[in-house]
Amino acid sequence: MPVYSYRAKKGPKDIVEDTIEAPSEKEAFEKISRMGYIPVRIQEGGVSPLAVSNAPKSSRKVRPREITVFSRQLASLIRSGVPILDALNIIREQADNRRMADMISGIHDMIKEGDAFSGALSRYPGVFSRLYIAMIKTGEDSGTLPETLLRICEYRSKQEEMVSKLRTAMAYPALMAVVGAGTVIFMLTFVMPRLMNIFTTLGEGLPLPTVILLKLSMYLRQWWIWVVVALLVVLIRQQLKMKAMKLPLSRLKLRVPLLGDFVLKAELARFSRTLELLIRNGIPILRAMDIAIPVLDNQTLRNQLDESRKELEQGGSLGASLKSSKVFPVFMANLISVGEESGRLDEALAEVADSYERDTDEAIKIISSLLEPVMILVMGLIVGFIVVSMLLPVFQINFMAR
């Protein structure tokens with residue numbers, strides 16, 4: 001079981017430094033809290049917390065994971081009875097990221113001057129999303145800020161876990177692609193030129209695969225700079241056209257076999273989970289829709305949900321509008337309709353999110369298991385073609401010598 005070193009406040013002036021065994025950082029945090037301490041720093045391994053606190057703070061960008069940890073720590077401190085200003089000071093002192101520490105200091109100062117916590121967070125739109133700020137505002141108004149922060153942590157953890165699984169699934173194929181491309185470029189620019197003189201002595205008698213390989217090698221060595229420039233021009237033009245092409249590309253993504261189903265379920269899982277969180281926290285449905293719709297990346301789905309939101313504003317039903325759009329699955333539309341009729345829309349959305357998250361997890365596993373052999377096969381064919389093209393003239397020379 002992992003060992004975590006921690007630093008915690010036992011009283012107003014007493015600091016405790018020790019280690020604790022726990023399955024995860026979250027479990028360690030809860031164990032320390034149950035001991036009656038207020039956790040200030042938790043780190044896996046045997047590194048001294050004091051040594052870490054004395055290390056120079058980095059100026060890296062504030063990462064989403066740091067915001068999740070910040071939210072969890074703040075929730076635990078406030079639930080333990082620590083005033084929010086003191087809680088922010090405690091968290092700031094143990095922040096390793098200088099930008100994070102500076103941001104917490106700014107939030108602290110704004111609250112001290114009379115701003116609400118949500119108002120202070122809104123000064124950092126690049127770090128805290130509309131969803132986060134709206135949730136905090138509701139938590140402040142209802143007096144349930146710690147519970148709201150914990151709900152945000154749970155939501156963010158699930159989203160981060162999904163992204164992490166996708167990145168893990170794509171890591172090996174991406175590595176294979178990079179290594180394969182590097183191998184091909186090395187063989188064409190370094191190996192082939194050294195064999196050029198041997199091959200050219202055969203003149204027109206070269207096999208076709210070898211001729212193709214020699215031409216590619218020559219063009220790559222002579223025109224590589226122009227190839228790079230052309231790629232940059234294409235990328236720039238693509239960026240300029242991105243807004244105009246966003247809707248057609250969104251439609252195309254949903255229609256591609258296998259990929260379309262994966263994109264649809266991943267997007268709907270994220271939307272359902274976000275809307276469920278907002279409604280469960282007491283935010284009215286129309287405002288919740290305004291916040292949840294921008295979470296989606298696919299423009300087609302966003303446009304359809306905008307239409308559903310308008311129908312809802314005019315007194316219609318969200319489930320009925322989703323069903324009539326023919327873009328959303330019947331399963332989702334029916335569950336939402338049942339949730340609206342029973343007054344348990346948040347539970348229906350949670351069930352939709354759970355179902356599509358499971359489907360997305362399974363799809364990621366399938367995609368990763370298929371991509372690896374496909375990448376190996378493709379790279380094997382390319383390298384095999386190069387090797388065969390290089391050996392054919394050698395066999396031909398040997399045959400002519402006999």
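This briefing walks through the overall make-up, the salt bridges, one helix, one loop residue and the aromatic pairs of the structure above. Please keep in mind that the model is predicted. The protein chain has 15 helices and 3 strands, and 39% of its 402 residues count as buried. A search of the whole structure turns up 19 salt bridges and 3 aromatic pairs.

**The chain as a whole**

- Among contacts in the protein chain with a separation of 6 or more, 61% are between residues 24 or more positions apart.
- The protein chain has an accessible surface of about 22800 Å², and carbon and sulfur atoms supply 60% of that area.

**Salt bridges**

- As a general reminder, side chains of opposite charge can pair when their charged atoms come close.
- Asp359 and Lys265 form a salt bridge, with 3.4 Å between the closest N and O atoms. Because Asp359 belongs to helix 15 (residues 345–401) and Lys265 to helix 10 (residues 259–280), this pair ties together parts that are 94 residues apart in sequence.
- Both partners have some access to the surface: Asp359 is partly exposed, with a relative accessible area of 25%, and Lys265 is partly exposed at 22%.
- Asp115 pairs with Arg123 in a salt bridge whose closest N and O atoms are 3.0 Å apart. Asp115 counts as partly exposed at 30% relative accessibility, whereas Arg123 is exposed, with a value of 51%.
- Arg63 and Glu66 meet through their side chains in a salt bridge, at 4.0 Å from N to O. Here Glu66 is buried, with a relative accessible area of 13%, while Arg63 is partly exposed at 43%.
- The cut-offs make these labels easy to follow: buried means under 20% relative accessible area and exposed means over 50%, so Glu66 at 13% is buried and Arg123 at 51% is exposed.
- If you like networks, take a look at Arg273, Glu276, Arg280, Asp346, Asp354 and Glu357, which are linked by salt bridges.

**Helix 12 and its ends**

- Helix 12 covers residues 299–313, which makes 15 residues. At 1.5 Å a residue the helix should span 21 Å, and its end C-alpha atoms are indeed 21 Å apart, so the two values agree.
- The expected span takes 1.5 Å times one less than the number of residues.
- At the N-terminal end, Asn298 acts as a cap for helix 12, with a side-chain oxygen 3.1 Å from the backbone nitrogen of Thr300.
- Thr300 is also one of the buried residues of helix 12. The others are Gln299, Leu301, Leu305, Ser308, Arg309 and Leu312.
- Just past helix 12, Gly315 adopts a positive phi of about 100 degrees.

**A buried asparagine in a loop**

- Asn97 sits in the loop between helix 4 (84–93) and helix 5 (98–112).
- Asn97 counts as buried, at 1% relative accessibility.
- The side chain of Asn97 reaches the backbone nitrogen of Arg99, at 3.0 Å.

**Aromatic pairs**

- In general, a pair of aromatic rings is described by the distance of the centres and the angle of the planes.
- The whole structure holds 3 aromatic pairs, including a tilted pair of Phe70 and Phe128, at 6.4 Å centre to centre and with 55 degrees between the planes.
- Phe70 lies in helix 3 (residues 64–79) and Phe128 in the loop between helix 6 (117–121) and helix 7 (130–142), so the pair ties together parts that are 58 residues apart in sequence.
- Both rings belong to buried residues: Phe70 has 1% relative accessibility, and Phe128 has 2%.
- Phe128 also pairs with Tyr132, and this pair is tilted, at 5.0 Å centre to centre and with 50 degrees between the planes. Tyr132 is buried, with a relative accessible area of 2%.
- Taken together, Phe70, Phe128 and Tyr132 form one aromatic cluster.

Definitions and conventions:
Residues numbered from 1 in each chain as written. Predicted model: local features only at pLDDT ≥ 70, side-chain atom pairs only at ≥ 80, totals over all residues. Heavy atoms only, no water. Buried < 20%, exposed > 50% of the residue type's maximum accessible area, 1.4 Å probe, protein only. Helix = DSSP H or I, 4+ residues; strand = E, 2+ residues; numbered from the N terminus. Polar contact = N/O pair within 3.5 Å; in protein donor to acceptor, adjacent residues only side chain to side chain. Contact = heavy atoms within 4.5 Å. Areas by Shrake-Rupley, 256 points an atom, 1.4 Å probe, with all protein chains shown as cover. Phe/Tyr/Trp six-rings, centres within 6.5 Å; stacked < 30°, edge-to-face > 60°.
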